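User: I would like to learn how to read the features of a structural model, beginning with its sheet. Please give the general idea before the particular case.

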Amino acid sequence: MKDKPYRLQTPDHQLVSPCKKKGETNLKRKKKVKKPHKFTGTAPYRNYKDRIFRMLYKDKGRLLELYNALNGTHYTDTADLSVNTLENAVFIKMKNDVSFIIDYSMSLYEHQSTYCPNMPLRGLLYFADLYKKQLKDTDLSVSRQIKIPTPYYIVFYNGTERKEEEFTQMLSDSFERAGNCDSESHGCIEVTVRTLNINFGYNKKLLDKCKSLYGYAYFVAAVRRNLECMDLSIAAEEAVNECISQNILKQFFLEQKSEVIAMSIYEYNEEYVKKVLYEDGEAAGSYKMLVRLVESFMSAQSIDPARACKEIGISLSEYESAKEFLSKA
């Protein structure tokens with residue numbers, strides 16, 4: 001069943017904080033509520049779970065809608081689109097979101113919630129694997145020129161570090177240059193990454209053209225707004241309920257509600273784990289993240305520790321060992 005059409009109401013779809021009563025500031029209420037959980041990390045990725053962006057664009061109809069919005073095309077047949085995402089390719093503890101071929105082009109779409117200067121390098125490695133998969137046993141020594149799809153790499157960014165509507169990253173910016181090399185030399189390989197800011201309020205024309213991307217941006221903004229006064233699991237659930245009531249990706253959220261809430265716990269907020277691991281040390285930071293993850297998952301799903309551990313892919317003994325380690329630290 002497809003998502004029912006709805007009228008994009010920017011800026012009528014206002015993100016009004018539920019934490020704020022009339023005449024009362026959020027600052028006054030912060031003392032009355034729990035701080036949000038902020039965690040993610042290495043251990044839970046043992047059994048990889050999809051990110052929300054990847055879940056959303058596994059649907060070829062939404063993926064085609066996004067492609068059309070970006071390129072000004074009007075494809076309607078999902079059979080024109082061939083998804084070639086490498087399911088076993090994992091970089092930086094995250095699977096690549098989605099790659100596909102259409103109209104002699106090979107596109108890689110990624111979502112990033114924290115700015116990463118290494119996206120061009122990641123793209124180089126990923127595209128190399130894609131082309132290997134496509135060419136298979138093709139003899140590259142033949143006299144005729146072998147044609148390959150043109151690569152396009154687009155990152156959809158909704159972090160808080162960068163404020164531009166759009167920026168470009170180049171692989172050549174990562175090259176080390178020996179002292180005797182021309183400083184203008186870029187070597188013989190280049191990868192260009194186009195990054196689009198999809199925070200709610202940015203790139204309005206694109207979001208108005210693509211209701212699924214609009215819905216994703218709205219959901220993320222709603223979670224962040226709710227975190228001003230709610231625990232993460234509650235903030236995510238309330239954001240899902242709001243999207244359903246506003247008919248924003250209603251069918252997607254109705255079908256994937258529990259999974260979306262769980263994934264919000266996994267992925268929000270990526271920058272926190274870097275801070276925890278840096279401040280607490282690798283072992284202590286990882287254990288702290290693991291315990292918080294299990295306990296928040298228990299709260300969100302109303303399940304016991306054993307079930308929560310099973311759901312995120314760790315053993316109960318690992319969780320108990322982590323708690324014991326932290327109690328003695």
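Analyst: In general, the strands of a sheet pair through backbone hydrogen bonds, in either a parallel or an antiparallel sense. In this predicted model, 6 strands make up an open sheet with mixed pairing, and their order is β1-β4-β5-β6-β8-β7. Its edge strands are β1 (82–83) and β7 (166–170), each of which pairs on one side only.

User: In which sense do β7 and β8 pair, and over how many bridges?

Analyst: The pairing of β7 with β8 is antiparallel and extends over 5 bridges. One may locate it at residue level through Phe167, whose bridge partner in β8 is Thr195.

User: Which helix lies across β4, β5, β6, β7 and β8?

Analyst: That helix is α4 (residues 119–135), which runs at about 140° to β5 (105–112).

User: How should I examine a single residue of the sheet, and what does Ile101 touch?

Analyst: One places the residue in its element and then lists its contacts. Ile101 belongs to strand β4 (residues 98–102). Leaving aside residues up to four places away in sequence, Ile101 touches Asp80, Leu81, Ser82, Asn84, Met106, Gln134 and Pro149. For Asn84, 17 residues from Ile101 along the chain, the C-alpha separation from Ile101 is 7.2 Å.

User: At what angle do α6 and α7 pack, and how far apart are their axes?

Analyst: Helix α6 (residues 211–226) packs on helix α7 (residues 232–245) at an angle of about 135°, and their axes lie 8 Å apart. Angles over 145 would count as roughly antiparallel; the two helices α6 and α7 are therefore oblique to each other. The crossing of α6 past α7 is right-handed.

User: Which residues meet in this contact?

Analyst: From α6 come Tyr218, Phe219, Ala222, Val223, Arg225 and Asn226; they meet Leu232, Ala235, Ala236, Glu238, Ala239, Val240, Glu242 and Cys243 in α7. By class, the residues of the contact between α6 and α7 comprise 10 nonpolar, 1 polar and 3 charged.

User: Finally, where does pLDDT stay under 50?

Analyst: It is useful to begin with the whole chain. Its mean pLDDT is 78, with 72% of residues at 70 or more. Among the elements, strand β8 (residues 192–197) has the highest mean pLDDT, 97, and strand β2 (residues 90–91) the lowest, 32. Values stay under 50 over residues 22–49, for which the model has 71 contacts beyond four places in sequence. They also stay under 50 over residues 88–95, with 26 such contacts.

How values were computed: Residues numbered from 1 in each chain as written. Predicted model: local features only at pLDDT ≥ 70, side-chain atom pairs only at ≥ 80, totals over all residues. Heavy atoms only, no water. Axes fitted to C-alpha atoms, helices over the stretch in contact; angles between N-to-C directions. Helix = DSSP H or I, 4+ residues; strand = E, 2+ residues; numbered from the N terminus. Parallel < 35°, antiparallel > 145°, perpendicular 65-115°, else oblique. Left-handed = near helix turned anticlockwise from the far one by under 90°. Contact = heavy atoms within 4.5 Å. Nonpolar A, V, L, I, M, F, W, Y, C, P; charged D, E, K, R; others polar. pLDDT = per-residue confidence, 0-100. Pairing = 2+ DSSP bridges.
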